[in-house]
Amino acid sequence: MGGSFNPAHEGHRMVALLALKRLRLHRVWWLVSPRNPLKDAADLAPLTERLAGARAVADHPRIEVAALEERLGTTYTADTLRLLLRRYPRAQFVWTMGADNFLELPRWRDWRYILATVPVAVFDRPAYALPALSGRAARAFARFRLPERRSRALAERRAPAWAFHRTALNPASATAIREAARNDAGETAIPTETSAPPPPGLLDLALGSLDDDKAEDVAIVDLAGRSTIGDHMVIASGRSTRHVTAMAEHLLARLKRSAAPRANVEGLRQGDWVLIDAGDVIVHLFRPEVREFYGLEKMWGVAAPPASGDGGEAGADAGNGAPAADDPAAAGARG
């Protein structure tokens, strides 16, 4: 479990204890990073101070706090994992992270290597569940997500494998703690962006419903500036006609309970391809073979879901130093 721990707080400890229990781990290592390439170094407390604070917060015989990256001379998680796996070939590692970091994972160097190399446990953070589960990393590795009930064996799974854990939400925030400390000291607080996303809208409602129903290979097409039919298109697969029909019925029920305008629906009786037009958001639900036949992703210029047995998506990954392939085994771009 890596991070700046600037400072460590009870939210970190809660996740570590949950990981120990739910994943049946022997130890949780807190890897206190010497620096974070994605954050302002001027706002980072000295490493010795952060280490001391993390040890005081952890206060548990099975949570070990270390400046491992300082000793290894690494800056990026992918490089740290490469060395750990080389030094401890018999260990069964699980990378543990919060939903906020999982959302930002595509900004990390070689992020696809991380997901393809070690199982990953993602724990919920306030206001981040829907954005994280509809984000790029979740979509690219959608087929490798384990149901939460099966995540107890995550450490024994061969990567890629990841699971999302819904938990009681701890509001503790390192940013808020630093802000409060500055205010107490009479310093001018450094403006920061709010971490909370906008209030849930139609897109969040649709994605939440599909996630609850275990929709597969969810893709989101941004229609803004490309079409007048809506703002977003959501494409997802169901395992069978019954699964597709159930997802559609549950989504329609949620839309009806919300303040959304009445949705138009087509194909519900057959269950091969159900179209739900909710105005700003249009949802297409398919059986996999029907989805492949019609190829909506190709029409709108987005990556199609991998064929059965494929390791991931195919497509370009510009701007992160990755090769063109979007295969999970390919190198991508952490901070």
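In this predicted model, the buried residues of helix H2 are covered by elements that include helix H1 (10–22), strand S2 (28–32), strand S3 (63–66) and helix H3 (68–72). Elsewhere in the chain, the largest nonpolar core has 31 residues, among which Phe102 and Trp162 touch the most other members, and these two residues also form an aromatic pair with each other. The points below take up helix H2, the nonpolar cores, the aromatic pairs, a buried glutamate and some backbone features.

**Helix H2 and its surroundings**

- Helix H2 covers residues 47–58, and because a rise of 1.5 Å a residue predicts a span of 16 Å for these twelve residues, the distance of 16 Å between the end C-alpha atoms agrees with the expected value.
- The buried residues of H2 are Leu47, Arg50, Leu51, Ala54, Val57 and Ala58; they lie on the same side of the helix, because the arc that they cover around the axis is only 130 degrees.
- Thr48, Glu49 and Ala56 are exposed, and they are carried on the face of H2 that is turned away from the buried side.
- Just after the helix, Asp59 adopts a positive phi of about 45 degrees.

**Nonpolar cores**

- Within the largest nonpolar core, which has 31 residues, the members that touch the most others are Phe102 and Trp162; helix H6 (residues 111–117) supplies the largest share of this core, namely four residues.
- A second core, separate from that one, has 29 residues and includes Phe5, Leu18, Leu51 and Leu146; of these, Leu51 is also one of the buried residues of H2.
- When residues up to four places away in sequence are left out, the residues touched by Trp162 are Phe102, Val120, Val122, Leu133, Ala138, Phe141, Phe144, Arg145, Leu146 and Leu154.

**Aromatic pairs**

- The count of aromatic pairs comes to ten; one of them is formed by Phe102 and Trp162, whose rings are tilted, with 4.9 Å from centre to centre and 35 degrees between the planes.
- This pair links distant parts of the chain, since Phe102 belongs to helix H5 (residues 99–104) and Trp162 to strand S7 (residues 162–165), 60 residues apart.
- Both partners fall below the 20% cut-off for burial: Phe102 counts as buried because its relative accessibility is 1%, and Trp162 is buried because its relative accessible area is 2%.
- Trp273 and Tyr294 form another tilted pair, in which the centres are 4.7 Å apart and the planes make an angle of 50 degrees; this pair, too, links distant parts of the chain, with Trp273 in strand S11 (residues 273–277) and Tyr294 in helix H12 (residues 288–294), 21 residues apart.
- Trp273 is classed as partly exposed because its relative accessible area is 28%, and Tyr294 is likewise partly exposed, with a relative accessible area of 42%.
- Ring pairs join Trp273 and Tyr294 with Phe286 and Phe293 into a cluster.

**A buried glutamate**

- Glu297, which lies in helix H13 (residues 296–300), counts as buried because its relative accessibility is 2%.
- The side chain of Glu297 makes a polar contact, at 2.4 Å, with the side chain of Arg291.

**Backbone features**

- Asn6 and Pro7 are joined by a cis peptide bond with omega of about 0 degrees, and Pro7 is located in the loop between strand S1 (2–3) and H1.
- A cis peptide bond also leads from Ala159 to Pro160, where omega is near 0 degrees; Pro160 has its place in the loop between strand S6 (145–146) and S7.
- Asp110, in the loop between H5 and H6, has a phi near 55 degrees, which is a positive value in a residue other than glycine; Asp110 is buried because its relative accessible area is 12%, under the cut-off of 20%.
- Asp217 likewise has a positive phi, near 50 degrees, and is a residue other than glycine; Asp217 has its place in strand S8 (residues 216–222).

Definitions and conventions:
Residues are numbered from 1 along each chain as its sequence is written. This is a predicted model: local features need pLDDT of at least 70, side-chain atom pairs count only at pLDDT 80 or more; totals for chains, interfaces and linings use all residues. Side-chain values use heavy atoms; hydrogens and water are left out. Helices (H or I, at least four residues) and strands (E, at least two) are DSSP runs, numbered from the N terminus. The expected span of a helix is 1.5 Å times one less than its number of residues. Buried means under 20% relative accessible area, exposed over 50%, partly exposed in between (1.4 Å probe, protein chains only). The arc is that of the directions from the helix axis to the C-beta atoms. Contact means heavy atoms within 4.5 Å. A nonpolar core is a set of buried Ala, Val, Leu, Ile, Met, Phe, Trp, Tyr and Cys residues joined through side-chain atoms within 4.5 Å. A polar contact is a pair of N or O atoms within 3.5 Å; within protein, one must be able to donate a hydrogen and the other to accept it, and residues adjacent in sequence count only if both atoms are side-chain atoms. Rings of Phe, Tyr and Trp (its six-membered ring) pair if their centres lie within 6.5 Å; planes under 30 degrees apart count as stacked, over 60 as edge-to-face and the rest as tilted.
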